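Q: I am new to this structure. Please take a close look at a single part of it, then show me what surrounds that part.

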Amino acid sequence: MADTKTHTLPSQHTAPRLQLESTWRVVVLNDPVNLMSYVVLIFKKVFGFDETTARRHMLEVHEQGRSVVWSGLREKAEAYTFTLQQWHLTAVLESDGAI
Amino acid sequence: MEPFEIALSLPVVAPLLDVVKELADGLKQTLAAPPVLPESDSVFRDLWTQELLAAQNEDLAALLALFNEEFFTEGVVALGPSNAEAIARACSAIRLRLRERYLVPLGDEALEIGEVELDSLDAPTRKAFMCYLFLATIQEYIIQHLDESIIGS
């Protein structure tokens, strides 16, 4: 299978160290266009989720409007967000205390 | 994933390609789904957006390349490891733009469940909706094959 094309942003443009040490969440928001099966596939492919976990997150997005699909260091959260946006999901980054 | 082919109805699909091409051209300069970024640094935002746009253009080129001479003579399109993911993403981009450009008046609920009275639509909207469904069908084929390869890996 072809690899997902992940365009990684240059390191000089990543956030300062203080922010890197915070916890960042990758949140997927609902959209009315992308197929449920498409969203499940992306979650499995990008995060390595099993079918049950991928479907749970997809349904959370669909029914509650959002799902936190990953949390951790900012640099990796940015990479995941970028990849999800490449697949045209509405993905946003949130930091601790953002809500 | 194993390469596979999809047989399409030429008289049905060929007229929809004008819509696909028109929207793909429009997406050369703009993202189908503009990203929401927390970063206030404009250089960072520009880089992020440019990278997404470059990827989007590569994907759209893969989708347009699907409709080659073989399609117009045999009605068949060929997919495989080299183009399936790009085409799935490109279908998503075009569908997002179709909604934005033509289908918003139909309402999101109707779009999500696909319950739209075709006869009640004017010609451009009907064509756009047919295109929306066609691209979803292509995605479903790809998802089925990619899913099998993920399960099998």
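A: Start with Met130(B), which sits in helix 7 of chain B. Keep in mind that this is a predicted model. Is Met130(B) buried, exposed or partly exposed? Met130(B) has 17 C-beta neighbours inside 10 Å. A residue needs 20 or more to be buried, and 12 or fewer to be exposed. Met130(B) therefore counts as partly exposed.

Now look for Val13(B). Along the chain, Val13(B) and Met130(B) are 117 residues apart. In space, 9.0 Å separates their C-alpha atoms. Contacts across long stretches of sequence make up much of chain B. Take its contacts with a separation of 6 or more: 79% of them join residues 24 or more positions apart.

Step back to chain B as a whole. Its secondary structure consists of seven helices and two strands. Their order along the sequence is β-α-α-α-α-β-α-α-α. The radius of gyration is 17 Å, close to the 15 Å that the globule rule gives for 153 residues, so chain B is as compact as a globular protein of that length. The C-alpha trace of chain B spans about 50 × 45 × 30 Å along its principal axes. Of the 153 residues in chain B, 32% count as buried.

Helix 7 of chain B, the home of Met130(B), also helps to form the side that touches chain A. Helix 7 covers residues 123–152 and supplies at least two residues of that side. Helix 3 (42–65), helix 5 (84–103) and helix 6 (108–113) of chain B each do so as well. In total, 35 residues of chain B are in contact with 25 residues of chain A. On the chain B side, these residues divide into 21 nonpolar, five polar and nine charged.

Next, the core. In soluble globular proteins, nonpolar side chains tend to be buried together. Here the largest nonpolar core has 59 residues. Ile42(A), Ile87(B) and Ile94(B) have the most contacts inside it. Helix 5 of chain B gives the largest share of this core, twelve residues. What does Ile87(B) touch, leaving out residues up to four places away in sequence? Its partners are Ala62(B), Leu63(B), Leu66(B), Leu79(B), Ile138(B) and Ile142(B).

Now cross to chain A. Chain A has an open sheet of three strands, ordered 2-1-3, with antiparallel pairing. Strand 2 (66–72) and strand 3 (90–95) of chain A are the edge strands, and each pairs on one side only. The twist from one strand to the next averages 25 degrees. Strands of a sheet pair through backbone hydrogen bonds, either parallel or antiparallel. Strand 1 (residues 24–29) of chain A runs antiparallel to strand 2, and six bridges join the two. Within this pairing, Trp24(A) has Gly72(A) in strand 2 as its bridge partner. Helix 3 (residues 51–64) of chain A packs on the sheet and touches strand 1 and strand 2. The direction of that helix makes about 130 degrees with that of strand 2.

One last stop is His88(A), in the loop between helix 4 (74–86) and strand 3 of chain A. His88(A) counts as buried, because 27 C-beta neighbours lie inside 10 Å. Partly exposed Met130(B) makes a useful contrast, with 17 such neighbours. Most residues other than glycine have a negative phi. The phi of His88(A) is positive, near 70 degrees.

Terms used. Residues numbered from 1 in each chain as written. Chains lettered and ligands numbered in written order. Predicted model: local features only at pLDDT ≥ 70, side-chain atom pairs only at ≥ 80, totals over all residues. Pairing = 2+ DSSP bridges. Helix = DSSP H or I, 4+ residues; strand = E, 2+ residues; numbered from the N terminus. Axes fitted to C-alpha atoms, helices over the stretch in contact; angles between N-to-C directions. Contact = placed C-beta atoms within 7 Å. Nonpolar A, V, L, I, M, F, W, Y, C, P; charged D, E, K, R; others polar. Rg over C-alpha atoms; globule rule 2.2 N^0.38 Å. Core = buried A, V, L, I, M, F, W, Y, C linked by C-beta atoms within 7 Å.
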